[in-house]
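Trainee: Could we go through this model together? I would like to learn how each label is earned.
Mentor: Gladly. Let us look at the structure, and you can ask as we go.

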Amino acid sequence: MKTLQLPLFIATLGLCSVAQADFIGLKGDISYWSIDGTSQIKHKADTKDLLLDPYVGINSEYDLDRKGTVQASVAFEHPVPVIPNVKVKYTKLDTETEENTVNKTDINLDHTDLILYYEILDNVVKADVGVGATRLNGDVKQFGTSVDIDEYSPIIYAEVGAKLPFTGLSAKAEATYTNVNDVKITDAQAEVQYNFVQSMLLDLGAKVGYRIMNIELDDMDKRDMKFEFKGPYIGLDAHF
């Protein structure tokens, strides 16, 4: 069993309101993510199960078909010290392996993050840190059987970005991580954005980026699963 030693800064984050937002704000984005990657599933069981399940002991690794999917997030920021900002991220992970035989794997997962974070820098350079929870929900089908997945885990979160003044250009990178019990998820992305609308009421921009997500699930119905999802994305970002 793996455990994650969450640092003590979970408590001290409440005291680190170095750079909260100056005004109440709402941020939202939606992107088209073109994903491929790999799927690896290891079937394991007791010796007696060999007579019942011919796939015991198989360690199958296949490439994923390139698919398009949706990723989106919404964040609420405010100027109140101590109270954290809130962000929700959602990704639809529906894809399948390239194999068209009995070995084909169908992955149908929803990935949702609920993040509480603080802005520790908020000017030309921006930096956020926080903690939260992630949920992985759905199913994985292989060899004519389906494994239902519904896992919750705590996460740590970080984001750093920078603006190029007077140009509308900006860049950022963000990541979340968890490694608790039988679930390990590493999720990282980086992007460049151009704001084509900038006003007191609304900033609206287009962005391009690249994202990599690695998911490891141990002992799910006598299976160890490893998935890698990666690829570029394009999207729109709005800040009210």
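Mentor: Let us begin with two neighbouring strands in this predicted model. Strand 7 and strand 8 are joined by twelve bridges in the antiparallel sense.

Trainee: What makes strand 7 and strand 8 a pair?

Mentor: Two strands pair if at least two bridges are found between them. Strand 7 and strand 8 have twelve, so they pass that cut-off. One of the bridges links K172 with E191 in strand 8.

Trainee: How many residues lie between strand 7 and strand 8 in their hairpin?

Mentor: There are two residues between them, and N181 in the turn has a positive phi of about 55°.

Trainee: Which strand pairs with strand 8 over 15 bridges?

Mentor: That is strand 9, residues 203-217, again in the antiparallel sense. With 15 bridges, the rule of at least two is met, so this is a pair too. A190 has Y210 in strand 9 as its bridge partner. Strand 8 and strand 9 also form a hairpin, with four residues between them.

Trainee: How many helices and strands does the protein have?

Mentor: The protein has one helix and ten strands. Reading from the N terminus, the order is α-β-β-β-β-β-β-β-β-β-β.

Trainee: Now the empty spaces. Why is one space called a pocket and another a cavity?

Mentor: The way out decides: in a cavity a 1.4 Å probe fits but cannot get out, whereas a pocket is an open set, so the names differ. The largest pocket holds about 1,300 Å³ of space. The largest cavity has a volume of about 110 Å³.

Trainee: Which residues lie nearest the centre of the largest pocket?

Mentor: K27, D122, K163, D203 and H239 do, out of 47 lining residues. Several strands supply at least two lining residues each, among them strand 1 (25-43), strand 5 (125-142) and strand 10 (223-239). Strand 6 gives the largest share, six residues.

Trainee: What makes 15 residues of the lining of the largest pocket charged?

Mentor: Asp, Glu, Lys and Arg count as charged, so those are the residue types behind that number. The rest of the pocket lining is 19 nonpolar and 13 polar residues.

Trainee: How many cavities of 30 Å³ or more are there?

Mentor: The structure holds two. Closest to the centre of the largest cavity are D29, S73, K89, E174 and Q189, among 14 lining residues. Strand 3 gives the most to this lining, with four residues. By class, the lining of the largest cavity has two nonpolar, four polar and eight charged residues.

Trainee: And which residues line the second largest cavity?

Mentor: I41, V140, Q142, T145, V147, R223 and M225 line that cavity, and its volume is about 30 Å³. Its lining has four nonpolar, two polar and one charged residues. Arg counts as charged, so R223 belongs to that class.

Trainee: What share of the 240 residues counts as buried?

Mentor: The share is 39%. Buried means under 20% relative accessible area, so each residue in that share falls below this limit.

Trainee: And what share of the accessible surface belongs to carbon and sulfur atoms?

Mentor: Carbon and sulfur atoms have 62% of a surface of about 12,500 Å².

Conventions. Residues numbered from 1 in each chain as written. Predicted model: local features only at pLDDT ≥ 70, side-chain atom pairs only at ≥ 80, totals over all residues. Heavy atoms only, no water. 1 Å grid on protein atoms, 1.4 Å probe; cavity = no way out; pocket = protein on both sides within 12 Å on 5 of 7 lines; lining within 4 Å. Points joined across faces, edges and corners; volume = space filled by probe spheres on them. Buried < 20%, exposed > 50% of the residue type's maximum accessible area, 1.4 Å probe, protein only. Areas by Shrake-Rupley, 256 points an atom, 1.4 Å probe, with all protein chains shown as cover.
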